[in-house]
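Student: I would like a close look at how the helices in this model pack against one another, with the residues that make each contact and the terms spelled out. Could you also take in the cysteines along the way?

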Amino acid sequence: MSAPAYGVLRRVTPTASVLLEHNPSSMTLEGTNSWVLRGPGASGSVVVDPGHEDVEHLTLLAETGDVELIVLTHHHPDHAEGAPWFAERTGAPVRAFDESLCAGGKSLVDGEVIEAAGLRLSVLHTPGHTGDSICLVSDGQILTGDTILGRGTTVLHDLGDYLRSLRKLIALPEGTTGLPGHGPELPDLAATAREYLAHREERLDQVRSALKELGADATPRQVVEVVYADVDKALWAPAEWSVQAQLDYLRSEDGE
C-alpha cells in the first residue's frame, strides 16, 4: 500500500482517519501516523499521537475539527512531543499511561474503557517497546503505537514484557484492523502478532547460537554483527537495543 500524502487527512475505517507527519526516517518509516477518531454523528474527536512539535502538522491536525481528548500511546518524542502545544491550541486534555505526560486528565489504566467522541476505547497496557506503551481497542480496530508497526519490527526495551504483550494481542478477534503509529494499516492484527512472536522466537534462537560462537559474555554489538549480518548497517544501532533486550531476557532466563 502506498503511503498517504503528507498533510492530507485520509479515512481508513468508518471511525478512524490518519494524518501523516512529514518526519520520515529509518525509525519512523514514512512518518508518524496521527490518528483522528470520531464516532458516527459525533461533533468532537479523539486524537492519538499528535507527533513531534511540528507546528505545521499540529495546525492541520487541529483544523480537522473539535478535539475532545488527546491520547498518547507512549512517551517517545515522535508521538508525544507536540502534545503540550496541541493541547493548548485545542483545549483538550492529554492522557497517557505515564502520569508525567498527562495534562488536564488522569493517567491511563490497563483495562480502562474511555468514552469520548461517540466511541468506547479500551486501554491495553502493552509494554515492551517502552514500559508505558499502550494500545487502544475500539469498534473492530486497534491502535498499536509502536508495539506493532505497519511494516518491519519494532525496537525493544524489555523482551519479556514484549512477548507477554504479543500474547495479549494474539487473543484479539480475527480480522481486527491494526492502526499502527508508523506504516500502513494491517488487516488482521492478531495474525500479525503471531508473526511477530514467531520472529522474536527465531531471533532468540539466533542470539543463542551467536553466544555459543562468541561466548556468553559477548556484547550486543558483537551479536548484531553475527545475527544482523544481512541487515543494512544503518539499522545496526537500533538493532543493538533489541539485542540488549534479548541478552537481558536470556541471561535472566539462565538465572544470571
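Tutor: What follows takes the helix pairs in turn and then moves to the cysteines and one loop residue.

This is a predicted model, in which local features need pLDDT of at least 70 and side-chain atom pairs count only at pLDDT 80 or more, whereas totals for chains, interfaces and linings use all residues. Residues are numbered from 1 along each chain as its sequence is written, and side-chain values use heavy atoms, with hydrogens and water left out. Helices (H or I, at least four residues) and strands (E, at least two) are DSSP runs, numbered from the N terminus.

Two packed helices are described by the angle between their axes and the distance between the axes. The axes here are lines fitted to C-alpha atoms, for helices over the stretch in contact, and the angles run from 0 to 180 degrees between N-to-C directions.

Helix α5 (residues 189-214) packs against helix α6 (residues 220-227) at an angle of about 110°, and their axes are 9 Å apart. That angle makes α5 roughly perpendicular to α6, on a scale where under 35 degrees counts as roughly parallel, over 145 as roughly antiparallel, 65 to 115 as roughly perpendicular and the rest as oblique. On the α5 side the contact (heavy atoms within 4.5 Å) is made by Arg203, Gln206, Val207, Ala210, Leu211, Glu213 and Leu214, and on the α6 side by Gln222, Val223, Val226 and Val227. By class, these residues of α5 and α6 divide into seven nonpolar, two polar and two charged, where Ala, Val, Leu, Ile, Met, Phe, Trp, Tyr, Cys and Pro count as nonpolar, Asp, Glu, Lys and Arg as charged, and the others, Gly among them, as polar.

Helix α6 also meets helix α7 (residues 236-253), with axes that come within 9 Å and cross at roughly 110°, so that α6 is roughly perpendicular to α7. In this contact Pro220, Arg221, Val223, Val224 and Glu225 of α6 face Trp236, Ala239, Glu240, Val243, Gln244 and Leu247 of α7, and the residues involved divide into seven nonpolar, one polar and three charged. Val223 of α6 thus appears in the contact with α5 and in the contact with α7.

For helix α1 (residues 55-62) and helix α3 (residues 83-90), the axes come within 10 Å and cross at roughly 40°, which makes α1 oblique to α3. Val55, Leu58, Thr59, Leu61 and Ala62 of α1 meet Trp85, Phe86, Arg89 and Thr90 of α3, a contact with six nonpolar, two polar and one charged residues. The buried residues of α1 are His57, Leu58, Thr59, Leu61 and Ala62, where buried means under 20% relative accessible area, exposed over 50% and partly exposed in between (1.4 Å probe, protein chains only). What covers these buried residues includes β2 (16-20), β3 (33-37), β4 (44-48) and α3.

As for the cysteines, a disulfide is a pair of cysteine sulfur atoms within 2.5 Å, and by this rule the count is zero. The sulfur of Cys102 is 17 Å from the closest cysteine sulfur, in Cys135, which is too far for a bond. Cys102 counts as buried at 17% relative accessibility, and Cys135 is buried with a relative accessible area of 0%.

Finally, Asp98 lies in the loop between β6 (94-95) and β7 (113-116) and counts as partly exposed at 26% relative accessibility. Its C-alpha atom is separated by 8.9 Å from that of Gly131, 33 residues apart along the chain.
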